[in-house]
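Got the model open in your viewer? Let's take a walk through it together, one piece at a time.

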Amino acid sequence: MAAKIIITNHEPGMNPTSEELSKIILQRMGLTPRKEGSTDKMHKVLVELYEKMKTSQRDKKPEFSVMTVEEMGLHAGITRQTMYDYLKRWLDLDLITKTSYISDGKVVVGYKLNGSTLESSFEKAVQKISNHLETSMKYVRELQKLIKNEKISVSQQKKQENSDID
């Protein structure tokens, strides 16, 4: 099934807080819940991913950047299973990446920002959207060419039919 990316044009108010701005960013990228009455805490996952990445880089411990789905769900105020549903969109945009590490002899699977900063992670998402739009533009050009060629073909056919009648 193809990913459905919904981009909105929400704008922050004057002098937004980090909470407001993180909510706006997720809304603009289509990463907030679409169902009415769903969680309004999804932005906390984004902020926590960022904080974990900063800690990971500061302490030079890559495993600190990873969040399990359970942790994400706790920050968002939703169940693990529901968080999996939302993660698909985050992954489709290349904003986060799935990763694993070993802790106490167990493999821990989780997700982390797909860049060393929020900005670099969102640049990957922007690139993904840009690539999608470029592909769509190729289709538009091809459609235009096909329509023109089909009209020429129909016109040629009519000329041929008319000359056959004469």
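## A walk through the model

Let's begin on the outside: Glu-11 counts as exposed, because its relative accessibility is 59%. Keep in mind as you look that this is a predicted model. The side chain of Glu-11 isn't on its own out there, as it meets the side chain of Arg-28 in a salt bridge, with 3.2 Å from N to O. Arg-28 sits in helix H1 and Glu-11 in the segment before H1, so this pair ties together parts that are 17 residues apart in sequence. Arg-28, for its part, has a relative accessibility of 32%, so it counts as partly exposed.

Stay on H1 for a moment and find Lys-23 and Glu-19. Their side chains also meet in a salt bridge, this time at 3.6 Å from N to O. Both residues lie in helix H1, 4 residues apart, which comes to about one turn of the helix. Lys-23 is partly exposed at 29% relative accessibility, and Glu-19 is partly exposed too, at 39%.

Now for the inside. In soluble globular proteins, nonpolar side chains tend to be buried together. Here, the largest nonpolar core has 25 residues. If you want to know where to click, the residues with the most contacts inside this core are Met-42, Val-45, Leu-49, Met-72, Met-83 and Trp-90. Helices H2, H3, H4 and H5 and strand S2 each supply at least two residues of the core, and H2 gives the most, with 5 residues.

Met-42 is a good spot to zoom in on. What does it touch, once you leave aside neighbours within four places in sequence? The list runs to Leu-26, Leu-31, Pro-33, Ala-76, Ile-78, Met-83, Tyr-86 and Trp-90. Among these partners, Met-83, Tyr-86 and Trp-90 are also buried residues of H4, which makes that helix a handy next stop.

Helix H4 covers residues 80-92, 13 residues in total, and reaches 19 Å from its first C-alpha to its last, close to the 18 Å expected. Look along its length and you'll find a bend of about 30° at Tyr-86. Alongside Met-83, Tyr-86 and Trp-90, the buried residues of H4 include Leu-87 and Arg-89. What do the buried residues of H4 pack against? They have quite a list of partners: helices H1, H2 and H3, plus strand S1 (96-103) and strand S2 (106-113). Just after H4, Asp-94 takes a positive phi of about 65°.

Next, go back to the loop between helix H2 (42-59) and helix H3 (69-76), where you'll find Ser-65. Is this loop residue buried or exposed? Its relative accessibility is 2%, so Ser-65 counts as buried. A polar atom of its side chain lies 2.7 Å from the backbone oxygen of Pro-62. Not counting residues up to four places away in sequence, Ser-65 touches Lys-52, Met-53, Ser-56, Tyr-111 and Lys-112. Of those, Lys-52, Met-53 and Ser-56 fall within the residue range of H2, while Tyr-111 and Lys-112 fall within that of S2.

That leaves helix H5, residues 118-165. Its 48 residues should span 70 Å at 1.5 Å a residue, and its end C-alpha atoms are 70 Å apart, so the two figures agree. Which residues of H5 are buried? They are Ser-120, Ser-121, Phe-122, Ala-125 and Ile-129. The cover over these buried residues includes H1, H2 and S2. Ser-120 counts as buried because its relative accessible area is 18%, under the 20% cut-off. Leaving out residues up to four places away in sequence, Ser-120 touches Asn-114 and Gly-115.

Further along H5, look for Glu-142 and Lys-145, whose side chains meet in a salt bridge at 3.7 Å, N to O. The two are 3 residues apart in the helix, so about one helical turn separates them. Glu-142 is partly exposed at 37% relative accessibility, and Lys-145 is partly exposed at 47%. The count for the model comes to 9 salt bridges, including the Arg-28 and Glu-11 pair we started from.

Note on methods:
Residues are numbered from 1 along each chain as its sequence is written. This is a predicted model: local features need pLDDT of at least 70, side-chain atom pairs count only at pLDDT 80 or more; totals for chains, interfaces and linings use all residues. Side-chain values use heavy atoms; hydrogens and water are left out. Buried means under 20% relative accessible area, exposed over 50%, partly exposed in between (1.4 Å probe, protein chains only). A polar contact is a pair of N or O atoms within 3.5 Å; within protein, one must be able to donate a hydrogen and the other to accept it, and residues adjacent in sequence count only if both atoms are side-chain atoms. Contact means heavy atoms within 4.5 Å. The expected span of a helix is 1.5 Å times one less than its number of residues. The bend at a residue is the angle between axes fitted to the seven residues ending there and the seven starting there. A nonpolar core is a set of buried Ala, Val, Leu, Ile, Met, Phe, Trp, Tyr and Cys residues joined through side-chain atoms within 4.5 Å. A salt bridge is a side-chain nitrogen of Lys or Arg within 4 Å of a carboxyl oxygen of Asp or Glu.
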